[in-house]
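Hello,

Here is the structure I promised to pass on to you. Please open it next to this message, and my notes on it follow below.

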Amino acid sequence: MCNLNYESEIKKRRTFAIISHPDAGKTTVTEKMLLLGKILRTSGTVKARGSGKYAKSDWMKIEKDRGISITTSVIQFKYKNILINLLDTPGHQDFSEDTYRILTAVDCCLLIIDAAKGIEERTKKLMDVSRLHNTPIITFVNKLDRDSLEPIEILDQIEKELKLSCIPITWPISCGRNFKGVFHLDEKLIYFYNKFNEPNIFKVNYNCLNENLLKNYISSDLNFQVYEELKLISNKV
């Protein structure tokens, strides 16, 4: 009976680390997850500009002063009846040993990639260490609403430089100033993003991809570009 209970409790838990090159946005993504997990009412920022509200996982004074993570923070919350242990790791090389130790003890890693910079040196090193321990990897491309590389170019970098065979779950509708939202290819939903109006996000369902899917929401040129990208990646999904 004890063994059955033990196994049952293990199945209810997931432990994952967020890893990346410095300044790719690990702590900001952590804050967003805590917000969606209903641990926070409002999310903080690394530098606490304007609001004076710092990120919860950067709790040490030196982390707040320097705007970087120095030690791994462990945060636990429930999501869809699963107990999540989320580990926000340091990105800077000076504190890399802490991150490497964490990679031996997690179920999987969320690897954050800066959309403007693509694959960076620490990204490659962290990927090598994760591969050494056979740790499953989910890549997440951050900062797509800023000036960035084209999504297809980022996907190509991930596959070639990290030697990963990618299966996109979401796909952005353009990037930078033209960023309009994302396709969720698994749920068959389009999440449109509006920075200035409430609600910031609204959803549209779709049954199958076609060239007229976005024509009522974005320009014809952008519609054509996104449709061509979706056709290119469709054999991966």
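Asp 23 sits in the loop that joins β1 to α2, and its phi is positive, about 70°, even though Asp 23 is not a glycine. Most residues other than glycine have a negative phi. Please keep in mind throughout that this is a predicted model.

Two other places show a positive phi. Lys 38, just after α2, has a phi of about 65°. Asn 134 has a phi near 55°, and it too is a residue other than glycine. You will find Asn 134 in the loop between α5 and β5. Asn 134 counts as exposed, because its relative accessibility of 68% is over the 50% cut-off.

Now for the overall picture. The protein contains seven helices and nine strands. Of its 237 residues, 43% are buried. Among contacts with a separation of 6 or more, 56% are between residues 24 or more positions apart.

Five of the strands make an open sheet with mixed pairing, in the order β2-β3-β1-β4-β5. Its edge strands are β2 (73–79) and β5 (137–142), each of which pairs on one side only. On average, neighbouring strands of this sheet are turned by 25° against each other, direction ignored.

Here is how some of the strands line up:

- β1 (residues 13–20) and β3 (residues 82–88) are parallel and share six bridges; Ile 18 stands opposite Asp 88 in β3.
- β1 and β4 also run parallel, joined by five bridges; here Ile 19 is opposite Leu 111 in β4.
- β4 and β5 pair in the parallel sense too, over six bridges; the bridge partner of Leu 111 in β5 is Thr 139.

Between those last two strands, the chain goes from β4 through α5 to β5, and this β-α-β crossover is right-handed. Helix α5 (residues 121–132) packs on the sheet and touches β1, β4 (108–114) and β5. The direction of α5 makes about 165° with that of β4.

How enclosed is β4 by the rest of the structure? Largely so, because six of its seven residues are buried.

Asp 114 is a residue of β4 that I would look at in some detail. Asp 114 counts as buried because its relative accessibility is 4%, and the cut-off is under 20%. What does the side chain of Asp 114 reach at 2.9 Å? That is the backbone nitrogen of Ala 116. The side chain of Asp 114 also makes a polar contact with the side chain of Lys 143, at 3.4 Å. Leaving aside neighbours within four places in sequence, Asp 114 is in contact with Asp 23, Ala 24, Glu 120, Asn 142 and Lys 143. That brings us back to Asp 23, the loop residue with the positive phi.

On the other side of that loop is helix α2 (residues 26–36), whose buried residues are Lys 26, Thr 27, Val 29, Thr 30, Glu 31 and Leu 34. In an α-helix there are 3.6 residues a turn, so residues three or four places apart point the same way. What covers the buried residues of α2? The cover includes β1, β2, β3, β4 and β5.

Further along the chain, His 184 belongs to strand β7 (residues 181–184). His 184 is buried because its relative accessible area is 15%, which falls under the 20% cut-off. Apart from neighbours within four places in sequence, His 184 contacts Ile 169, Thr 170, Leu 189, Tyr 191 and Tyr 206.

Finally, the aromatic rings. The protein has three aromatic pairs. One of them is formed by Phe 179 and Tyr 193, a tilted pair with 5.8 Å from centre to centre and 50° between the planes. Phe 179 is in the loop between β6 (170–173) and β7, and Tyr 193 is in strand β8 (residues 189–193), so the pair links parts of the chain that are 14 residues apart. Are these two residues buried, partly exposed or exposed? Phe 179 is buried at 18% relative accessibility, whereas Tyr 193 is partly exposed at 31%.

Best wishes

Conventions:
Residues numbered from 1 in each chain as written. Predicted model: local features only at pLDDT ≥ 70, side-chain atom pairs only at ≥ 80, totals over all residues. Heavy atoms only, no water. Pairing = 2+ DSSP bridges. Helix = DSSP H or I, 4+ residues; strand = E, 2+ residues; numbered from the N terminus. Axes fitted to C-alpha atoms, helices over the stretch in contact; angles between N-to-C directions. Contact = heavy atoms within 4.5 Å. Buried < 20%, exposed > 50% of the residue type's maximum accessible area, 1.4 Å probe, protein only. Polar contact = N/O pair within 3.5 Å; in protein donor to acceptor, adjacent residues only side chain to side chain. Phe/Tyr/Trp six-rings, centres within 6.5 Å; stacked < 30°, edge-to-face > 60°. Right-handed = clockwise from strand over helix to strand, strands pointing away.
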